[in-house]
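Dear colleague,

I am handing over the structure below, and my notes on it follow directly after. Please read them with the coordinates open beside you.

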Number of protein chains: 2
Amino acid sequence: MAESGSQSSESLLFLTDEQLRRGIEAMFFAYRGFTADPDRILEQHAYGRAHHRALHFVARYPGTTVNNLLDILGVTKQSLNRVLRALVDDGLVDSRVGTRDKRERNLYLTQSGTALEQELSDAQRSRMRAAYRAAGPEAVAGFRNVLEAMMDPEMRKHFSDSKEPAR
Amino acid sequence: MAESGSQSSESLLFLTDEQLRRGIEAMFFAYRGFTADPDRILEQHAYGRAHHRALHFVARYPGTTVNNLLDILGVTKQSLNRVLRALVDDGLVDSRVGTRDKRERNLYLTQSGTALEQELSDAQRSRMRAAYRAAGPEAVAGFRNVLEAMMDPEMRKHFSDSKEPAR
DNA sequence: CATTTTATGTCAGTGTTGTTGACATTCCAA
DNA sequence: TTGGAATGTCAACAACACTGACATAAAATG
């Protein structure tokens, strides 16, 4: 991938504290933009980012268990449970007792859950698409490579597995 | 900047929802990694991310005013005030009545404030540097371009101005 | 000079999201 | 049958955001 430039990695990778600081601030400001659109939608439904994250990963892994979500989201079960309960009570998430292991709950989005997840997802994808277009194709690969390198290693599996999952 | 690839932008910028979803998850997981190291340090000092952000931008703009910080951080004055008061009370930030305009407060880091900010900054820069090194120089430019395009336009000024500020 | 606006600080109340700790239930597995 | 895993729930608490209201000082404006 890449390495199409004329200069070697070493000569370009002299990183001043100033350059790193700019990268840090870019993450800060960009993450605000990244969450801004979904936040506005969530507000209308009296939900927060925690609900968005739950909806996202239930949509991503239909039938996932609570424990799997806990691992991905990195919060306590009490915290996740509060959020999931609200979504289940409101009829956005269906929590079915596991067939193989009846202690587990398999989580699915209902029709209205799918609808909200789509609405949130569309908004977030729209901004991501615009940013990708503005930055250009090479930037997209670089963006993802830096982000992946910035993750905690344990999290990388959630990101790396199923490179292009069954579609 | 870039465009050194052999394919045109258009052919590479066919973005599937799947690719966009991966970008979204990359942001989510990477931001967690991005804040993980400072969070651990802050915990020991009974501070949170809000304190880190305040320290960062006071260090970045010594003598800045409360109003300017409010604009950058995008929180309410009550929220910022709580954080600033703690930092001032603990002797990490010096709040001096403005000379030109006495309504304003000019904010500076004290010696111990500088020390903590350095500690936090070092940790965060260290991870950023590692990510940059792992991803390579082309990735760095792409990373920053995508992030900048993802920001809300109003925020871009805080990021773009003083490209390489007086050093 | 009087009035208004601006910058800041503060108090009270509320909501979301996270945390610990404790305890109950269900059920797989040794 | 006992132990432990998976889940759910209750209570309490903390960080960090919010709104609304009010106070003070000083600049700006008429």
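Of the atoms of DNA strand D that lie within 4 Å of the protein, 55% belong to sugar or phosphate, and the rest belong to bases. Please keep in mind that this is a predicted model, in which local features need pLDDT of at least 70 and side-chain atom pairs count only at pLDDT 80 or more, whereas totals for chains, interfaces and linings use all residues. Residues are numbered from 1 along each chain as its sequence is written, chains are lettered from A and ligands numbered from 1 in the order in which they are written, and side-chain values use heavy atoms, with hydrogens and water left out.

DNA strand D is surrounded by 25 residues, the closest being Lys77(A), Arg103(A), Gly48(B), Arg53(B) and Thr76(B); a residue is taken as near a strand if one of its heavy atoms lies within 4 Å of it. This surface divides into three nonpolar, 10 polar and 12 charged residues, where Ala, Val, Leu, Ile, Met, Phe, Trp, Tyr, Cys and Pro count as nonpolar, Asp, Glu, Lys and Arg as charged, and the others, Gly among them, as polar. Helix H4 (66-73) and helix H5 (77-89) of chain A, together with H3 and helix H5 (77-89) of chain B, each supply at least two residues of the surface near DNA strand D; helices (H or I, at least four residues) and strands (E, at least two) are DSSP runs, numbered from the N terminus. As for single atoms, an N or O atom in the side chain of Arg53(B) is 2.5 Å from a phosphate oxygen of DNA strand D, while a backbone N or O atom of Thr76(B) lies 2.6 Å from a phosphate oxygen of that strand.

Turning to DNA strand C, 24 residues surround it, and the closest are Gly48(A), His51(A), Arg53(A), Thr76(A) and Lys77(B). Sugar and phosphate account for 59% of the atoms of DNA strand C that come within 4 Å of the protein. A phosphate oxygen of this strand is 3.2 Å from a side-chain N or O atom of His51(A), and a backbone N or O atom of Thr76(A) lies 2.6 Å from a phosphate oxygen of DNA strand C. With Arg103(B), the partner is a base oxygen of DNA strand C, which is 2.7 Å from an N or O atom in the side chain. The residues of the surface near DNA strand C divide into three nonpolar, 10 polar and 11 charged.

Between the protein chains, 68 residues of chain B are in contact (heavy atoms within 4.5 Å) with 67 residues of chain A. The area buried between them, meaning the accessible area (1.4 Å probe) that two parts lose on being put together, summed over both, is about 7,000 Å², of which carbon and sulfur atoms give 69%. There are eight salt bridges between chain B and chain A, each a side-chain nitrogen of Lys or Arg within 4 Å of a carboxyl oxygen of Asp or Glu; one of them joins Asp17(B) and Arg125(A) at 3.4 Å, N to O.

Finally, chain A itself has eight helices and two strands, which run α-α-α-α-α-β-β-α-α-α from the N terminus on. Buried residues (under 20% relative accessible area, 1.4 Å probe, protein chains only) make up 47% of the 167 residues in chain A.

With best regards

Conventions. Polar contact = N/O pair within 3.5 Å; in protein donor to acceptor, adjacent residues only side chain to side chain. Buried < 20%, exposed > 50% of the residue type's maximum accessible area, 1.4 Å probe, protein only.
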